[in-house]
Amino acid sequence: MRITQYTDYGLRVLIYLGVHRDRITPMPMIASHYGISANHLMKVTQQLTKLGYVESTRGRTGGLRLIKDPANINIGQVVREMEPMEIVECFSEEGRCIIEPNCHLKGILGRALRAFLKELEQHTLAELVENKEELTFLFATETTSIQS
């Protein structure tokens, strides 16, 4: 199973904001830390805002802030909300596969997808940021190399 870059970036934003809960972080700073296009990341952060995980403020002192407790952010739920779950054509409403009525692949893939999501649902953002000191160090190291 592979998640899209879009969802990966969404999870990375949540990790960054989970580590830096005490401040409002400009979106370009997050993009810079991860080496991600700011334009692409803007779409991701808009989705996270729409889903209620992040608050976005405009202006000179604006940026992003996590508005949910990391313990209440379920990774499986985030992936479900951000990721298209149509892993093969027959999962989509428009899917047209001539063997679908007698094919066992859809059932197998459906069970695999449910197992994948079930594992993700056992974890929260709090787990992903419990090593806050190490992550803070890595983010600070990256800032230093970016400024050099």
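In this predicted model, residues 24 or more positions apart account for 67% of the contacts in the protein with a separation of 6 or more. Keep that number in mind as we look at a few places where separate parts of the chain meet.

**The overall layout**

The protein has 148 residues, and 34% of them count as buried. It's built from seven helices and two strands. If you start at the N terminus and read along, the elements come in the order α-α-α-β-β-α-α-α-α.

**Two helices that cross**

Let's start with helix α1 and helix α4, which covers residues 75–82. Their axes come within 10 Å and cross at roughly 140°. How are α1 and α4 oriented to each other? They count as oblique, because angles over 145 degrees are needed for roughly antiparallel. The crossing itself, where α1 passes α4, is right-handed.

So who does the touching? On the α1 side you'll find Y6, T7, G10, L11 and L14, and on the α4 side I75, V78, V79 and M82. Sorted by class, this contact of α1 with α4 has seven nonpolar residues, two polar ones and no charged ones.

D8 is another residue that lies in helix α1. Try finding D8 and M82 in the sequence: they sit 74 residues apart there, while in space their C-alpha atoms are 9.4 Å apart.

**An aromatic pair**

Now for some rings. The structure holds one aromatic pair. The partners are Y16 and Y34, with ring centres 6.4 Å apart and planes at 70°, so the pair is edge-to-face. What would count as edge-to-face? Planes over 60 degrees apart do, and 70° fits that.

This pair also links distant parts of the chain. Y16 belongs to helix α1 (residues 5–19) and Y34 to helix α2 (residues 27–34), and the two are 18 residues apart.

**Buried or partly exposed?**

Here is how accessible three of the residues we've met are:

| Residue | Relative accessible area | Class |
|---|---|---|
| Y16 | 0% | buried |
| Y34 | 21% | partly exposed |
| D8 | 25% | partly exposed |

Why does Y34 count as partly exposed? Buried means under 20% relative accessible area and exposed means over 50%, so Y34, at 21%, is partly exposed. Its ring partner Y16 is buried, with a relative accessible area of 0%. D8 also counts as partly exposed, at 25%.

Definitions and conventions:
Residues numbered from 1 in each chain as written. Predicted model: local features only at pLDDT ≥ 70, side-chain atom pairs only at ≥ 80, totals over all residues. Heavy atoms only, no water. Phe/Tyr/Trp six-rings, centres within 6.5 Å; stacked < 30°, edge-to-face > 60°. Helix = DSSP H or I, 4+ residues; strand = E, 2+ residues; numbered from the N terminus. Buried < 20%, exposed > 50% of the residue type's maximum accessible area, 1.4 Å probe, protein only. Axes fitted to C-alpha atoms, helices over the stretch in contact; angles between N-to-C directions. Parallel < 35°, antiparallel > 145°, perpendicular 65-115°, else oblique. Left-handed = near helix turned anticlockwise from the far one by under 90°. Contact = heavy atoms within 4.5 Å. Nonpolar A, V, L, I, M, F, W, Y, C, P; charged D, E, K, R; others polar.
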